[in-house]
Amino acid sequence: MMMESVSGGNSLPSGSDGVKRKISYFYDPEVGNYYYGQGHPMKPHRIRMTHALLAHYGLLQHMQVVKPTAAKDRDLCKFHADDYVAFLRGITPETQQDQIRQLKRFNVGEDCPVFDGLYSFCQTYAGGSVGGALKLNHGICDIAINWSGGLHHAKKCEASGFCYVNDIVLAILELLKIHERVLYVDIDIHHGDGVEEAFYTTDRVMTVSFHKFGDYFPGTGDVRDIGYGKGKYYSLNVPLDDGIDDESYHSLFKPLMGKVMEVFRPGAVVLQCGADSLSGDRLGCFNLSIKGHAECVKYMRSFNVPLLLLGGGGYTIRNVARCWCYETGVALGIELDDKMPQHEYYEYFGPDYALHVAPSNMENKNSRPLLDDIRAKLLENLSRLQHAPSVPFQERPPNTELQERDEDEEDDRDERWDRDFDMDVDSNSLARRVKSEYAEAEHKDVESYHNHLDSRRDIATPFKEIACSKVTGSGVDSMAVDGPFIKEEQENLIDDHKSR
């Protein structure tokens, strides 16, 4: 049901779309069993459906399939507040009525419900993303995939938008141990606010988000939000309107990402492939085809930089499975037959039983002048970055070993990475930005920034030990980087190194 990559359709600048890559694919068979609750649009079952398609298209045999090792408490606390992690670990549907105050404090209960196995779910998807980062760091693969990850809204000390633990931030922190610069790209329909907030004040991580903007969750991601302090111009926001189609999307994505790669020169790229930007999504309002969405994966793959592919949103689950299956093929350099193979979820895909679905005829509210203006503004911002920042490595943290630690090993917090490692950040806690004015003068920038503070939440920067505004007590050493995530069999490691 597959054929080798062929030319035609959307082309790549480098013509490298047919070149094979070594892929590590993270999947836990239990992930599809987690259930947010009746009527909730987030359905982890979509990951199982995706896996079934991969199996029946014959893609699994072309990848190293890895069951992620669950992230431990100390691993999650490299970014998240200790008491928030403790809360997630302890809360259950049976006990939640006794913790109303805590539920409100950590924003758990409505969009982010308590369900059976919640903490195990978080440990699994976070373990997959950081495991993928480790594989890339060790040079074991060219591309790592974790479709259960990409939960980009979670904050340092609260859940948000169906997301509890921010696996993306944790994965980027792991990549920063090896790479001076890491690029984060987000093609989910919702703004990647949690990741942007985490790295808003550093020039070592550039965040780029393409999203619906204007009376739409989470409400952030204005084109004028560009970063702060050392991170100024290292946040790019591409605000879009309803009905954007493939051509319009690529008219922004390709020139902008081409320039980002030229100027920023990242050592690794993390691409969040939220599928709610597809046409016909239950919660979305864009009009991208699966091939149009996947063209973003093709384009980022063409730069031959270590690449971590993650999932994210996506609420018409048959289309989510279609999309991530096709994008796995793109990562491998394998073209898939449009006729879907018979498999256990075949009936979900009727009446056409095809891999691709046609976009709708909805109106594209993104006019050409509007798109041209957005592109010009962002290219101007990028032109202010004369060259990639030079980041000397001082006291580089030790590389995380691939072998899993003894479960009984004590959590020695004294071994954690120095939180001030090679980072210059503002000494004050920065509150959550709703909108920041675009001003030329630096002092104007700071003034306008503070005029738009939301005092309820601190910027969740992982580079500074800060207290969450809703959390009493001391801050969290969020740069801790001990603790392995991947459980590897000895022969797999030997085989990997032999093949390199």
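## A buried asparagine in strand β7

Because its relative accessibility is 0%, N237 counts as buried (buried means under 20% relative accessible area, exposed over 50%, and partly exposed in between, with a 1.4 Å probe and protein chains only). The structure is a predicted model, in which local features need pLDDT of at least 70 and side-chain atom pairs count only at pLDDT 80 or more, whereas totals for chains, interfaces and linings use all residues. Residues are numbered from 1 along each chain as its sequence is written, and side-chain values use heavy atoms, with hydrogens and water left out.

N237 belongs to strand β7, residues 235-240 (helices, H or I of at least four residues, and strands, E of at least two, are DSSP runs numbered from the N terminus). The side chain of N237 makes a polar contact of 2.9 Å with the side chain of E196 (a polar contact is a pair of N or O atoms within 3.5 Å; within protein, one must be able to donate a hydrogen and the other to accept it, and residues adjacent in sequence count only if both atoms are side-chain atoms). A polar atom of the N237 side chain also lies 3.0 Å from the backbone oxygen of D225. Not counting residues up to four places away in sequence, N237 touches H191, E196, S209, H211, G221, D222, V223, D225 and L378 (contact means heavy atoms within 4.5 Å).

## The sheet

Eight strands form an open sheet with parallel pairing, in the order β3-β2-β4-β9-β8-β5-β6-β7 (two strands pair if DSSP finds at least two bridges between them). Strands β3 (64-66) and β7 stand at the edges with a single partner strand each, so one side of each is left without a neighbour in the sheet. From one strand to the next, the twist averages 15° (axes are lines fitted to C-alpha atoms, for helices over the stretch in contact, and angles run from 0 to 180 degrees between N-to-C directions).

The edge strand β7 pairs with β6 in the parallel sense over six bridges, and H211 stands opposite P239 in β7. Helix α11, residues 368-383, packs on the sheet and touches β6 and β7, with a direction at about 180° to that of β7.

## Strand β5 and its partners

Five of the five residues of strand β5 (residues 182-186) are buried, so this strand is largely enclosed by the rest of the structure. In a regular strand the side chains alternate between the two faces of the sheet. In β5, V182, Y184 and D186 point one way, while L183 and V185 point the other way.

Strand β5 runs parallel to β6 (residues 205-212), to which five bridges join it; V182 has V205 as its bridge partner in β6. Between these two strands the chain passes through helix α7, residues 193-198, in a right-handed β-α-β crossover (right-handed if, with the strands pointing away from the viewer, the path from the first strand over the helix to the second runs clockwise). Five bridges also join β5 to the parallel strand β8, residues 268-272, where A268 is the bridge partner of V182.

## Helices and the residues they meet

Helix α6 (residues 167-175) has nine of its nine residues buried, so it is largely enclosed by the rest of the structure. Helix α10, residues 317-332, lies across β2 (23-26), β4 (143-146) and β9, and runs at about 170° to β4.

L310 lies in strand β9, residues 307-310, and counts as buried because its relative accessibility is 0%. Leaving out residues up to four places away in sequence, the contacts of L310 include D167 and I168, as well as V270, L271 and Q272. The C-alpha atoms of L310 and W324 are 9.4 Å apart, with 14 residues of separation in sequence.

G132 is found in helix α5, residues 118-137, and is buried because its relative accessibility is 0%. Apart from neighbours within four places in sequence, G132 contacts F26, A144 and L308. Its C-alpha atom is 7.2 Å from that of S24, although the two residues are 108 residues apart along the chain.

## Cysteines

The structure holds zero disulfides (a disulfide is a pair of cysteine sulfur atoms within 2.5 Å). The cysteine sulfur closest to that of C112 is in C163, 6.8 Å away, which is too far for a bond; C112 counts as buried because its relative accessibility is 1%. For C323 the closest cysteine sulfur is in C273, at 7.3 Å, again too far for a bond, and C323 is buried at 0% relative accessibility.
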